[in-house]
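Please look through the sequence and the structure shown here before reading on. The report that follows takes up a few parts of the chain in turn.

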Amino acid sequence: MRAALGQAKKGLGRTSPNPAVGAVVVKDGVIIARGYHRKAGLPHAEVEALNKLGGRADGLTLYVTLEPCNHYGRTPPCTEAILKSGLKRVVIGMKDPNPDVSGGGCEFLKKNGVSVTTGVLETECRRLNEAFLKFVTLRRPFVTVKSALTLDGWTATATGHSKWITNDRSRQFVHGLRDRSDAVMMGVGTVLADDPLFTTRLKRGRGRDPLRIVVDTHLKTPRDAKILHHDSPADTIIVVGPGVTFEDQKWYNGKGVSTLTCPIKAGRIDLTALMGILGDMSVTSLLVEGGASIVGSLIREKLVDKFYVFKAPKIFGGDDGVPMASGPGPKTMDRSLILKDLRIRRFGEDILIEGYPDYG
């Protein structure tokens, strides 16, 4: 199953809105074929592995990270390919979380004489597809917040300058997050302060650019902003409030940029409503890269599913910088948001804290 998980990871960021799935075929304890789901519409992992054996695997065992599908979509059911192959046993990491199909593949295989085992490395399999799990059950994107801080807790100077808090290795990791995310989102304040590209620039290759989303209630994005003028196949969407007129939006639309009108709450874009809209657009994973205002709002609305917080060995040494999150916080420390399932990593001298919020 660990080998199947390794295969599945190859598809991360490429299969949306489908899950990333890996499979291996085993004979006498030896892996003889591997496969993974490469892209929606292409063969699923089980079929890709079986195809390497000419579709035949009589008496062998298949390990797959997710329950094989038993319905017609863009591709035929994987359960049919499994039966035709002659496999005698299927070992499954986790059942399909889709409430409409969960258990269907397992039951079909059992009824047709295939031995089925489920729940092998289930925690790891669920973690791999955490974005898909949320999307398929709630029709909302899985929201990840990334932030980089000095040791004393600041993300930028009073002027908004933040390049660079972390080192190159940390920044490469973030480019990897972009490569695996459907969309990256920022507030207009980040555009005004940093003028970012928000493209994916990996040392081993350019990678895949995510959809770029700018939350800009009053349409303050400068017309010469880099995010509007770069060579990328990915789209840019500016989310505006209902007070922005069609005429105001017209120039941006003419530059190949989409504008999306969203309801507002307390004078700002209603982020809860926006998550619903993005879900309807089949955005399964959303990476948020600042700034303080939007991060604070997401935390207070309990919309964050995961945090990546970098701590760099730098001391800002003042009290006029930009914090990770702005806006009203709790009145007492015991009401602070707690992170669970922590993972601590180092990138050179930088420390990365990865965790999931416990909203209680």
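## Helix 10 and its two ends

Just after helix 10, S282 adopts a positive phi of about 65°. This value, like the others in this report, was computed from a predicted model. At the start of helix 10, a side-chain oxygen of D270 comes to within 3.1 Å of the backbone nitrogen of T272.

Helix 10 itself spans residues 271–280, and its buried residues are L271, L274, M275, G276, L278 and G279.

## An aromatic pair between strand 7 and a loop

There are six aromatic pairs in the structure. In one of them, W154 and F316 have ring centres 5.8 Å apart and ring planes at 55°, so this pair is classed as tilted. W154 belongs to strand 7 (residues 154–156), while F316 lies in the loop between strand 15 and strand 16 (322–323), and the pair therefore ties together parts that are 162 residues apart in sequence.

How buried or exposed are W154 and F316? W154 has a relative accessibility of 17% and counts as buried, because the cut-off for burial is under 20%. F316, at 25% relative accessibility, counts as partly exposed.

## F310, F347 and the aromatic cluster

A tilted aromatic pair is also formed by F310 and F347, with 6.1 Å from centre to centre and 50° between the planes. This pair links distant parts of the chain, since F310 is in strand 15 and F347 is in strand 17 (residues 338–347), 37 residues apart. F310 is buried, with a relative accessible area of 1%, and F347 is buried as well, with a relative accessible area of 9%.

Which residues make up the aromatic cluster that contains F310 and F347? Together with F173 and Y308, F310 and F347 form one aromatic cluster.

## A charge over a ring

Another kind of contact with an aromatic ring involves R171, whose charged end sits over the ring of W164, at 4.5 Å from the centre of that ring.

## The loop before strand 15

Where does K302 lie? K302 is found in the loop between helix 11 (292–300) and strand 15 (306–312). With a relative accessible area of 52%, K302 is exposed, because the cut-off for that class is over 50%. Although K302 and P357 are 55 residues apart along the chain, their C-alpha atoms are separated by 8.7 Å.

Notes. Residues numbered from 1 in each chain as written. Predicted model: local features only at pLDDT ≥ 70, side-chain atom pairs only at ≥ 80, totals over all residues. Heavy atoms only, no water. Helix = DSSP H or I, 4+ residues; strand = E, 2+ residues; numbered from the N terminus. Buried < 20%, exposed > 50% of the residue type's maximum accessible area, 1.4 Å probe, protein only. Polar contact = N/O pair within 3.5 Å; in protein donor to acceptor, adjacent residues only side chain to side chain. Phe/Tyr/Trp six-rings, centres within 6.5 Å; stacked < 30°, edge-to-face > 60°. Lys NZ or Arg CZ within 6 Å of the ring centre and 35° of its normal.
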